[in-house]
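Q: Please take a close look at the metal site of this structure and at the parts of the chain around it. A connected account for someone new to the structure would be welcome.

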Amino acid sequence: MTIVSLTSAPATTLDVDALIIGITAEARKHVDGPPALPDDVRREVDRMLEQVGASGKLGEITRIPSEGLVRAPMIVAVGLGDMRILDTEKVRRTAGAAVRSLAGLRSAGIVVTSPDAPRIEAIVTGALLGNYAFHDFRGVSAGAQSAPLERILITGSPRDAEQRAALERARIVSEAVCLARDLVNTPPSALSPEDVAHAAIDAVDRLPVRVEVWDETGLAELGCGGILGVGQGSANAPRLVRLEYSPRGARRTLAIVGKGITFDTGGISIKPAQNMDHMKADMSGAAAVIAAMNAIARLRLPVRVVGWVPTAENMPGGRAQRPGDILTTYGGHTVEVLNTDAEGRLILADALEMAAEESPDLIVDAATLTGAQSVALGKRTSGVMGRPDAARDGVWEASRRAGELMWPMPIPEELRPSLDSPVADIANIGERMGGMMTGAAFLADFVPEDIPWVHLDIAGPAYNDGSSYGYTPKGGTGAAVRTFIQVATDMAEGTLP
Ligand code: BES
Ligand code: ZN
Ligand code: ZN
């Protein structure tokens with residue numbers, strides 16, 4: 001685990017492998033304000049940066065030798081672009097990009113100008129998220145991998161309680177995001193539904209969170225036909241996990257639900273071979289719930305939170321469910337399974353019904369539900385749907401503050417008839433156009449109208465199959481973790497729903 005701490009020592013004296021400074025596009029100068037670098041050092045650094053053509057454009061990384069100007073042997077200038085639009089997310093991203101570029105070194109110092117609590121929080125978050133690496137399954141190539149930084153020093157005021165709290169909060173949140181990334185990156189051979197349940201138990205070990213796990217027998221007793229139907233084609237039996245964090249005095253309850261398909265072959269309606277490996281990320285919603293429960297409990301947020309993780313492996317096999325099968329969910333809805341690849345909604349149906357039965361003040365689910373999400377909003381922007389509009393917009397607003405890209409989408413009422421089945425209460429596929437919204441329209445049947453419910457389709461954003469950028473690595477991204485935590489925080493503060 002990376003050690004990150006605040007230091008009041010002058011930046012010039014930091015005993016680190018590299019000193020990170022921010023530079024702006026206008027003046028090609030690094031940002032002013034105490035406790036930055038002394039004037040003479042600054043002028044010299046500016047001159048050297050100019051010599052090597054650093055432009056200060058957003059995200060640009062320039063390394064120069066420090067030539068004794070500071071104790072660190074290397075200075076790394078990261079471009080902040082136009083300083084007039086230095087928003088929090090930009091700070092996170094540039095801190096992330098700078099730290100990621102230093103993999104292989106042991107330690108770095110980050111020179112923070114005008115360090116206040118929000119700035120510290122953004123820098124720590126960006127730095128820790130950018131410092132992530134997943135090497136658990138390297139064999140002979142393990143030695144050739146650049147390890148992330150072990151130690152990050154941040155210039156600020158260690159005696160300032162607000163700054164310390166900001167650092168602590170950022171650390172807890174970032175570690176949770178990295179836990180979710182680990183779970184997503186873990187190959188499906190090493191993460192069965194049973195393993196997901198164990199991961200949930202481990203994640204809240206020694207935290208005030210109660211965990212309950214239902215196995216196949218337990219699920220049958222509950223009548224969770226959705227989870228059982230999806231799981232029945234696999235040798236790895238499904239599970240349902242319930243995590244409850246119930247601090248004394250909490251007045252409101254948030255339920256978070258995450259799709260936990262440990263691998264989605266599509267089942268009998270099998271997927272094409274190309275990119276099927278990405279379907280190891282089909283448990284990203286579950287990973288987000290597990291990780292968020294860890295962070296929420298560590299942060300001791302004064303709100304009751306119940307996490308629901310339905311988890312199964314969607315495989316074709318001699319016992320697999322068939323297109324045309326009809327299953328019955330926990331709440332007694334019958335579903336005609338027309339396409340076994342629309343399995344996420346089947347396991348969520350049971351979990352949403354169970355979550356709703358406890359009458360929480362708000363339900364938020366996260367799921368890699370549809371390929372249509374990426375068609376509609378691209379690979380980096382999750383869809384936010386739900387009802388009433390105010391709940392959806394409140395969660396959307398929380399996601400923005402948390403630094404996650406999302407956009408609201410409607411659940412048009414004309415989509416529901418497309419899900420009508422001639423033989424059951426509902427079919428699991430309907431209108432193809434706007435398929436992300438059709439997915440939401442399906443889920444809506446399983447949540448009573450009087451419970452505010454928001455659905456996050458994170459299909460694209462959960463897994464980065466392009467190059468790394470900002471603080472986002474390749475592979476699992478930890479999507480929805482920060483939004484879940486922010487929603488819990490907002491509910492604790494009474495601003496949501
Ligand atoms: N897990 C997939 C959705 C997905 C696709 C996530 C690509 C990430 C990247 C989901 O279970 C699925 O297969 N959905 C189907 C639904 C359809 C059959 C209505 C889809 O999107 O094609
Ligand atoms: Zn599927
Ligand atoms: Zn799926």
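A: The account below starts with the basis of the model, then treats the two metal ions, the ligand beside them and some further parts of the chain.

This is a predicted model, in which local features need pLDDT of at least 70 and side-chain atom pairs count only at pLDDT 80 or more, while totals for chains, interfaces and linings use all residues. Residues are numbered from 1 along each chain as its sequence is written, chains are lettered from A and ligands numbered from 1 in the order in which they are written, and side-chain values use heavy atoms, with hydrogens and water left out.

The zinc ion (ligand 2) is coordinated by Asp264 (OD), Asp341 (O and OD) and Glu343 (OE), at 2.0 to 2.2 Å. Donors here are N, O and S atoms within 2.8 Å of the metal, or 3.2 Å for Na, K and Ca; water is not among the atoms, so sites may look incomplete. Along the chain, the donor residues of this ion have the spacing D-x76-D-x1-E. The angles among the six donor atoms of the zinc ion (ligand 2) run from 69 to 166°, and the site is irregular. Four donors count as tetrahedral if all angles lie between 85 and 135 degrees; four count as square planar and six as octahedral if opposite donors are over 155 degrees apart and all others between 65 and 115; anything else is irregular.

The zinc ion (ligand 3) has Lys259 (NZ), Asp264 (OD), Asp282 (OD) and Glu343 (OE) as protein donors, at 2.0 to 2.4 Å. Their spacing in sequence is K-x4-D-x17-D-x60-E. The site of the zinc ion (ligand 3) is octahedral, with angles of 77 to 171° among its six donor atoms.

How far apart are the zinc ion (ligand 2) and the zinc ion (ligand 3), and which residue coordinates both? The distance is 3.2 Å, and Asp264 coordinates both ions. Asp264 lies in strand β10 (residues 260–264) and Glu343 in the loop between β13 (334–336) and α9 (344–357), so the pair ties together parts that are 79 residues apart in sequence. Helices (H or I, at least four residues) and strands (E, at least two) are DSSP runs, numbered from the N terminus. Asp264 is buried, with a relative accessible area of 3%, and Glu343 is buried at 1%. Buried means under 20% relative accessible area, exposed over 50%, and partly exposed in between, with a 1.4 Å probe and protein chains only.

Ligand 1 has 15 residues around it, of which Asp264, Lys271, Asp341, Glu343 and Gly371 come nearest; a residue is near if one of its heavy atoms lies within 4 Å. An oxygen atom of ligand 1 is 2.9 Å from an N or O atom in the side chain of Asp264, and an oxygen atom of the ligand is 2.8 Å from an N or O atom in the side chain of Asp341. A nitrogen atom of ligand 1 is 3.4 Å from a polar backbone atom of Thr368. The protein covers 73% of the 520 Å² of accessible area that ligand 1 has on its own, by the Shrake-Rupley method with a 1.4 Å probe; for residues, only the protein chains shown count as cover.

Thr368 lies in the loop between β14 (362–367) and α10 (372–377), and is buried, with a relative accessible area of 9%. The side chain of Thr368 makes a polar contact with that of Asp282 at 2.4 Å. A polar contact is a pair of N or O atoms within 3.5 Å; within protein, one must be able to donate a hydrogen and the other to accept it, and residues adjacent in sequence count only if both atoms are side-chain atoms. Leaving aside residues up to four places away in sequence, Thr368 touches several residues, among them Lys259, Asp282 and Asp457, where contact means heavy atoms within 4.5 Å.

Some further parts of the chain complete the account. In helix α12 (residues 435–444), 10 of its 10 residues are buried. Ser174 is found in helix α4 (residues 161–185), and its side chain reaches the backbone oxygen of Ala170 at 2.6 Å. Most residues other than glycine have a negative phi, and most peptide bonds are trans. A cis peptide bond joins Arg387 and Pro388, with omega about -5°; Pro388 lies in the loop between β15 (382–387) and α11 (389–402). Arg206 has a positive phi of about 65°, and Arg206 counts as exposed at 79% relative accessibility.
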